[in-house]
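Q: Take me through one part of this model in detail. I want to know how the open sheet is put together.

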Amino acid sequence: MRLIPISAATDPLLEVRDLQVRIPTRRGDLLAVDGVDLTVGAGEIVGVVGESGSGKTLTAYAIMGLLSAPAVISRGVIRFRGQDLQALAAEERGRMRGSAMSMVFQEPLTALNPVFPVGTQIRDVIRRHTNLSDRSIRGRILELLDHVGIAGPERVAAAYPFELSGGMRQRILIAMAIACGPSLVIADEPTTALDTTIQAQILELLRRLVRDDGISLLLISHDFGIVADLCQRVYVMYAGQVVEHATAGQLFDRPRHPYTSALLGCMPAARDGDAPLDTIEGTVPTVIDPKALCRFADRCGYAQARCTEQSPPRQTFGVVQDALCFRAAELTLPGLVTPSLTDGVLP
Amino acid sequence: MGVLYLAKRLGWMLFILFGSTVVIFLVIHVIPGDPARAMLGPQGTPEAVETLRRELGLNDPLWQQYLIWVGRALTGNLGHSILLSKSVLELLGERVTTTLLLSLYALILAVLIALPISVMSATRRNTIGDHVGRLVVLIGLAMPSFWFGLMLMLLFSVRLGWLPVFGYVSPLDDLGQHFSHMVLPAVALGSGYAAMIMETTRNSLVDVLNQDYIRTARAGGLAERLVLWKYAMRNALIPTVTVIGIQIGYLMSGAIVIENLFAIPGIGRLMVNAVLSRDYPVVQGTMLTVVFVFAFANLCVDLLCAAIDPRTARE
Amino acid sequence: MLGEFLRNLRSNRVLLAATVGLAVFILIAIFAPLIAPHDPNVQNLRVTLDPPSHRFWLGTDEFGRDLASRLIFGARNSLIVGLSVTLLSGLIGTALGIVAGYLRGIADTVTMRAADVMMAFPDLVLALGLIAVLGSGLDSTIIALTVALTPIFVRMVRSRVITVRTEAYVAAAKLIGVRPPVIAARHIMPNVLGGIVVQGALTFAFAVLGEASLSFVGLGVPPPAASFGNIVAEGRDYMIQAPWISISGGVTIMLIVLCFLVLADGVRDAIDPYQRGH
């Protein structure tokens, strides 16, 4: 059912190489993102999964150029349509934000300015990136609201955020993100704060935008269910690193990294019958002095002596899959067993 | 903005005004001590005290005295000054504009000084400029305004001779002279007020700049100027405007002392003189005027807040 | 809270300086007769308006009184006013605030509407109205400033009580039948205490400023008694010949108030280190 090619071998839309984000703290520099490689092809939906603190949101901010002090990009390259983004002047970068690439945030309530009507907030973005007259901007706003499935766009455009429901607000944010025809949209936990039924509607909307408008989507989530539902390829992040990268199918069928497998084990639908849900003991470490070791070792059920003595190698499997683990080849890790969740992902 | 909201605020103001008349009345009539005796001083014979008591209606039941007093006040009859042989209303009328102008200048000055500094402080957090700004705030809060006024007077009027030492000229007589007389009082009065505004605006702006919607505005590519002055400021101004309103009381307290320092014939000076000479009708009249002005200013601030933040009016 | 405050004291030099400054101020005020080099009220017309010297550290005023000694005794009056006003309005405000916040209902409504009405008067205007009846003097100054500064105390305590009383542990105590006075003392007071200390420090600062303002317009502590406001007011007439009179009076007020403001800030940080925007 998916006609879009899975591999992004030819000239990806977005290419991140060896990205490192540093946050200076009193105890030393925190490596919030450390050596991330990531690509998004045209028309592709790519997922980034991880617990909070894994560096997935900061990766998105780095791509968008939204890192705020004291966080800085300390290494790496971000290419968008082949162009090195860090080489751009702040002004050019600003012109790109909101037009060529844009972002949808997690909390639709706090992500909209409470003291302006939502229409005004969309208008300011359009006005920034186009030379349209106020009249045509007005038309464009109504068209956008209609496009994201809002009934009565006139009334909604004049409303303040506090007068709208969570789902409505998220549609507004999506409308704002696609207002100037971006080729890449980054969605950071776009449905986390919403009810389940609304979640499904928003995901359906995102899927439609990718299919109909040729937008590429980088979807950040902690929820494998959503990623399984939408994404073709998935990056699993842990403690600032990509620990595994695979197609959604490979990931759920045959995860290669113990962390991926453990995350899958935490999903409510993952295990048969009455078997208790797994939990991963411990928390994501904050990396200040990177030592040569596997960062997951202290929480890993498969850890060996070498895991705390050397940095694990990145091992590749087939065209797409790779994992940052010594034992990636030898282990047979449990994946996702309930087929219902993976419907539409597996062939 | 809803009519309902407006009606609510108006009702609240009326309640406050009603309550304050009770307080003013009680202060003068219930506190131990006989106003008539106090007015006449030690020389007053018992007969004279009794006559004055009857004249002032002090022998009637309290509630009756109150109703009579309020009834008269509503028709503009605030009694006669015991000392100045003028009606209280007349005395207030001559002076209230002066105090309002002084407070207004101080307010404008304070806002003009405080806003740019607090924006600088909030956007360049923990730089030298920010630290200096915060120190200035502390000093501004701690410095007695009358003393600051005295120092300004010493420097600009006495030593440098740039400005008149004290006195007042009406704007209708000579606008230039009016302003040259008002500069130092307004600066002295506005300094502490400016410090309060700065403190509030800086902290609320720091808070607002960390909000999600600011990130959304930046993600939309909006210019930093627009993000700061439109998207952040509109939100940061809500606490600022509230503080400006609440602290108008501070401004009026300060005006009393500043008017005395600079010999400005406003209601503050009138009140102090009335208190010194126990001219109770004038004391009551000035208190009433101040409360009225304060309550009205707060009503304006409430409406302004509702205009800035649509959530207030629709709650 | 105390532990956190002491820890902050070690790392924050400004806070340390303010605390030491206040300790010095209080000691000077208490031991004024022992410290003051001269009698603050003895006139010596041979040395009027003397500039600062060995004999008179800060110079003399128009009656030849030693300014340093007058400031030292002024600190005493300032402390008496500040402490009395803070204790009185703190006690009354806390009691009313707890009653209003804990009982809610009619008690709350009456108390809070009364506080609202009182707060419709600027502090100094209410104080002056009271002094008009009471006559000026140390006692009247204390009463007038107490009445003016209590409503804000009531409001602060009440809002904290309301926040605390909805917490789960208070609800639990109520559920197992702990009596209201015990709940108030055990659970609510400790959590409201920090706010009271902060408000107390601010009240002290306002009381010192208020006393100085009242004295300055001649309605506070009556001369010849030494008071900061009196000293600035007296110096005003000799601004040209002897500017040190007003300057030293004002600087002293400012330093004391500054110490209290910094202290209030420090306590606030100790209660909730994450509350502030920096």
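A: Here is the sheet, strand by strand.

This is a predicted model: local features need pLDDT of at least 70, side-chain atom pairs count only at pLDDT 80 or more, and totals for chains, interfaces and linings use all residues. Residues are numbered from 1 along each chain as its sequence is written, while chains are lettered from A and ligands numbered from 1 in the order in which they are written.

Look at chain A. Eight of its strands (DSSP runs of E, at least two residues, numbered from the N terminus) build an open sheet. Read across, their order is 6-7-8-3-9-10-12-11. The pairing (at least two DSSP bridges between two strands) is mixed.

Now go to the edges. Strand 6 of chain A covers 101-104, and strand 11 of chain A covers 314-317. Each has a single partner strand, so one side of each has no neighbour in the sheet. Neighbouring strands are turned by 20° against each other on average, direction ignored. The axes behind such angles are lines fitted to C-alpha atoms.

Next, take one pair. Strand 10 (residues 241-247) and strand 12 (residues 321-324) of chain A run antiparallel, joined over two bridges. H245(A) has D322(A), in strand 12 of chain A, as its bridge partner.

Finally, add a helix (a DSSP run of H or I, at least four residues). Helix 6 of chain A, residues 166-178, lies across strand 6 and strand 7 (184-188) of chain A. Helix 6 of chain A runs at about 175° to strand 6 of chain A, on a scale from 0 to 180 degrees between N-to-C directions, with the helix axis fitted over the stretch in contact (C-beta atoms, placed from the backbone, within 7 Å).

Key:
Contact = placed C-beta atoms within 7 Å.
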